[in-house]
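Biologist: I have not looked at this structure before. Please show it to me, and I will ask what stands behind each term.

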Amino acid sequence: MSRIISYRTADKADVVALLGAAGNLTSDQRRVVDAAREAARRSQRGLDDQGIDWGLTVPEALDHLLAGHASSTAAAAASAYSQALLHLIDGKASDPMDLGVYSKPSTFFSLLDDELRRLGVSGELLLHDHLFSGPPAEIPFAVPHPVDSPHIGMFPLARAKPAADAYRGVADHVDEDLAHDLREIIEKLECEHEEWEYATRKIDWYTQDTIFFSVTG
């Protein structure tokens, strides 16, 4: 089954601040949470229509995260928590964009990392581990990683341009089976850098610092 990798940009600290904030929300945070609740209900309806039972509903998982814990012992609770967290991230982030559709994303990005590493690209600029890194480490309680999906990953916006430059510098030498996807990734990283650079110079309230990935499907 193919997996969709999408991405959006946000201030990581703004996202982390929502976790455990129930009962003490600012007006802006309340707006984000209200939107996340509605999105969680839509997600749950979709799961119910497919007969998928994670043992914890997405709205329940969202309530847990806002209360400051992810303590359900249901077998697939990690998927519910990840989906709920994605709804919170989306409430603080730019509109999501697709990075691509991959039949085996972990395999593809492992191969791509190996090829780029062979050509001299620094390990900190490679994507695989960032795509599957999980929720922010700054969250003050453990949020489990799902076995299946959705997976959450992060990449610093400050590295988007260095990564794109490094990839472009070796793009003509990568395996032809990887070259097309690599060039699309380069273009998207360059676009995110340009928007980030412009916003940090021109918009005084702009603080986004992280590309958040989701791997779903």
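Modeller: This is a predicted model. Let us begin with its largest cavity: helix H8 gives four residues to the lining, the largest share.

Biologist: What makes the space a cavity, and how large is it?

Modeller: A cavity is a set of points where a 1.4 Å probe fits but cannot get out. The largest cavity holds about 40 Å³ of space. With a cut-off of 30 Å³ or more, the count is one cavity.

Biologist: Which residues line the largest cavity?

Modeller: Its lining is made of Tyr 7, Leu 99, Ile 185, Lys 188, Leu 189, Glu 192, Ile 211 and Phe 213. Two elements, helix H8 (176–202) and strand E4, each give two or more residues to that lining.

Biologist: How does that lining divide into nonpolar, polar and charged residues?

Modeller: Six are nonpolar, none is polar and two are charged. Lys and Glu count as charged, and Tyr counts as nonpolar by the rule used.

Biologist: What makes the other space a pocket, and what is its volume?

Modeller: A pocket is an open set of points with protein on both sides along at least five of seven lines. The largest pocket has a volume of about 230 Å³. Of its 13 lining residues, Leu 47, Ile 52, Trp 54, Ser 149 and Gly 217 are the closest to the centre. Helices H2 (27–49) and H4 each supply two or more lining residues.

Biologist: How is the lining of the largest pocket made up by class?

Modeller: It has five nonpolar, seven polar and one charged residues. Gly is counted among the polar ones under this rule.

Biologist: Why is the sheet called open, and in what order do its strands lie?

Modeller: The order is E2-E1-E4-E3, with antiparallel pairing. Strands E2 (97–102) and E3 (151–156) are at the edges with a single partner strand each, so one side of each has no neighbour in the sheet. From one strand to the next, the twist averages 25°.

Biologist: How do you know that E1 and E4 are paired?

Modeller: Pairing requires at least two bridges. E1 (residues 3–10) and E4 (residues 210–216) have seven bridges in the antiparallel sense, so they count as paired. Ile 4 stands opposite Thr 216 in E4.

Biologist: Which strands do helices H4 and H5 touch or lie across?

Modeller: Helix H4 (residues 77–92) lies across E1, E3 and E4, at about 40° to E1. Helix H5 (residues 105–118) packs on the sheet and touches E1, E2 and E4; its direction makes about 95° with that of E2.

Definitions and conventions. Residues are numbered from 1 along each chain as its sequence is written. This is a predicted model: local features need pLDDT of at least 70, side-chain atom pairs count only at pLDDT 80 or more; totals for chains, interfaces and linings use all residues. Side-chain values use heavy atoms; hydrogens and water are left out. Axes are lines fitted to C-alpha atoms, for helices over the stretch in contact, and angles run from 0 to 180 degrees between N-to-C directions. Contact means heavy atoms within 4.5 Å. On a 1 Å grid over the protein atoms alone, a cavity is a set of points where a 1.4 Å probe fits but cannot get out, and a pocket is an open set with protein on both sides within 12 Å along at least five of seven lines; lining residues have an atom within 4 Å of a point. Grid points are joined across faces, edges and corners, and a volume is the space filled by probe spheres set on the points.
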